[in-house]
Amino acid sequence: MGVKLKADYVKKRLRKIVNNMQDLSPVMKYIGNDMLNETIDNFDKEQSYDGVKWKKSKRALKESGKTLQRTGRLKNSIKYKSSAKRAIIGTNVIYAKTMQEGFDDTPKEKRVTIKAHKRKIYKKTKSGRKSKKGTRIAVKAHKRRVRVPWGVIPAYRYMGITKKQEEKYTEKVKNHILNGG
């Protein structure tokens, strides 16, 4: 008894696997879309990505509405991008990180780091008006005290990946690499 394996078949199969590894676009598109749908579901169910119910916001209680959904801006701003090697979801809403991670208005957290950047300033003319032509100046990185008028914001953790999702995505990638789909 013996096993006979043709080298041509092995080479062909390995070439196919390598080609499938080069372009994971279809599976990354699936993963990005799935992560987006899971995140939108978290808003609809008012729960964190790992299933923990959100504490109702004062506004939601007062207006009988949903937490984090007064205008729908944050929920509707979440998009995904995918490429041959990655899938990313995110938002460009400025307060998204605060809602995701929360904010504790205690003395240790009142200081934030401002990155170095350029700012345009306008000088006043002799007549006291603001000049039309601004000057760009460099602002050095520094720490700044932040005062939040609403105090403590709980973390709502609407975006993230569960262990179950991670396993599902791993299986999808593995299937794509070995079978091309």
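Biologist: Let me get the term right: on a 1 Å grid over the protein atoms alone, a pocket is an open set of points where a 1.4 Å probe fits, with protein on both sides within 12 Å along at least five of seven lines. How much space lies in the second largest pocket?

Modeller: About 190 Å³. That volume is the space filled by probe spheres set on the points, which are joined across faces, edges and corners.

Biologist: What kind of model is this?

Modeller: This is a predicted model, where local features need pLDDT of at least 70 and side-chain atom pairs count only at pLDDT 80 or more, while totals for chains, interfaces and linings use all residues. Residues are numbered from 1 along each chain as its sequence is written, and side-chain values use heavy atoms, with hydrogens and water left out.

Biologist: Back to the pocket. Which residues line it?

Modeller: A residue lines it if one of its atoms is within 4 Å of a point. The lining holds E38, D41, N42, K45, Q47, Y49, G160, T162, K164, Q165 and K168.

Biologist: Which elements give two or more of those?

Modeller: Helix 2 and helix 6 do. Helix 2 gives the most, with four residues. Elements are DSSP runs numbered from the N terminus: helices are H or I with at least four residues, strands are E with at least two.

Biologist: How does the lining divide by residue type?

Modeller: One residue is nonpolar, five are polar and five are charged. Here Asp, Glu, Lys and Arg count as charged; Ala, Val, Leu, Ile, Met, Phe, Trp, Tyr, Cys and Pro as nonpolar; the others, Gly among them, as polar.

Biologist: Zooming out. How many helices and strands are there?

Modeller: Six helices and six strands. Reading from the N terminus, the order is α-α-α-α-β-β-α-β-β-β-β-α.

Biologist: What is the radius of gyration of the chain?

Modeller: It is 25 Å, whereas a compact globule of 181 residues would be near 16 Å. The value is taken over C-alpha atoms, and the globule rule is 2.2 Å times the number of residues to the power 0.38. The C-alpha atoms fill a box of roughly 100 × 45 × 30 Å along the principal axes.

Biologist: How much of the chain is buried?

Modeller: 27% of the 181 residues. Buried is under 20% relative accessible area, exposed is over 50%, and partly exposed is in between (1.4 Å probe, protein chains only).

Biologist: Which residues touch the most others in the largest nonpolar core?

Modeller: M28, I31, F43, L68, L74, M99 and Y158, out of 25 members. Helix 2 (25–45), strand 2 (87–90), helix 5 (96–101) and helix 6 (163–179) each give two or more residues. The largest share is the six from helix 2. Such a core is a set of buried Ala, Val, Leu, Ile, Met, Phe, Trp, Tyr and Cys residues joined through side-chain atoms within 4.5 Å.

Biologist: Take M99. What does M99 touch?

Modeller: Leaving out residues up to four places away in sequence, M99 touches L68, L74, I153, P154, A155, Y156, R157 and Y158. Contact means heavy atoms within 4.5 Å.

Biologist: R157 is on that list. What is its phi?

Modeller: About 40°, which is positive although R157 is not a glycine. Most residues other than glycine have a negative phi. R157 sits in the loop between strand 6 (142–145) and helix 6. R157 counts as partly exposed, because its relative accessibility is 32%.

Biologist: And S64, where is that?

Modeller: In the loop between helix 3 (58–63) and helix 4 (73–77). The phi of S64 is positive too, near 55°. At 71% relative accessibility, S64 is exposed.

Biologist: Is T67 buried or exposed?

Modeller: Buried, at 1% relative accessibility. T67 is in the loop between helix 3 and helix 4. Its contacts beyond four places in sequence are E46, W54, K55, K56, S57, R59, A60 and Y156.

Biologist: New topic: H142. Where is it?

Modeller: In strand 6. H142 is partly exposed at 33%. H142 touches V112, T113 and I114, not counting residues up to four places away. H142 and K115 are 27 residues apart along the chain, with their C-alpha atoms 6.9 Å apart.

Biologist: Last one. What does N179 touch, not counting residues up to four places away in sequence?

Modeller: R13 and N20. N179 itself is in helix 6. From N179 to K168 it is 11 residues in sequence and 16 Å in space, C-alpha to C-alpha.
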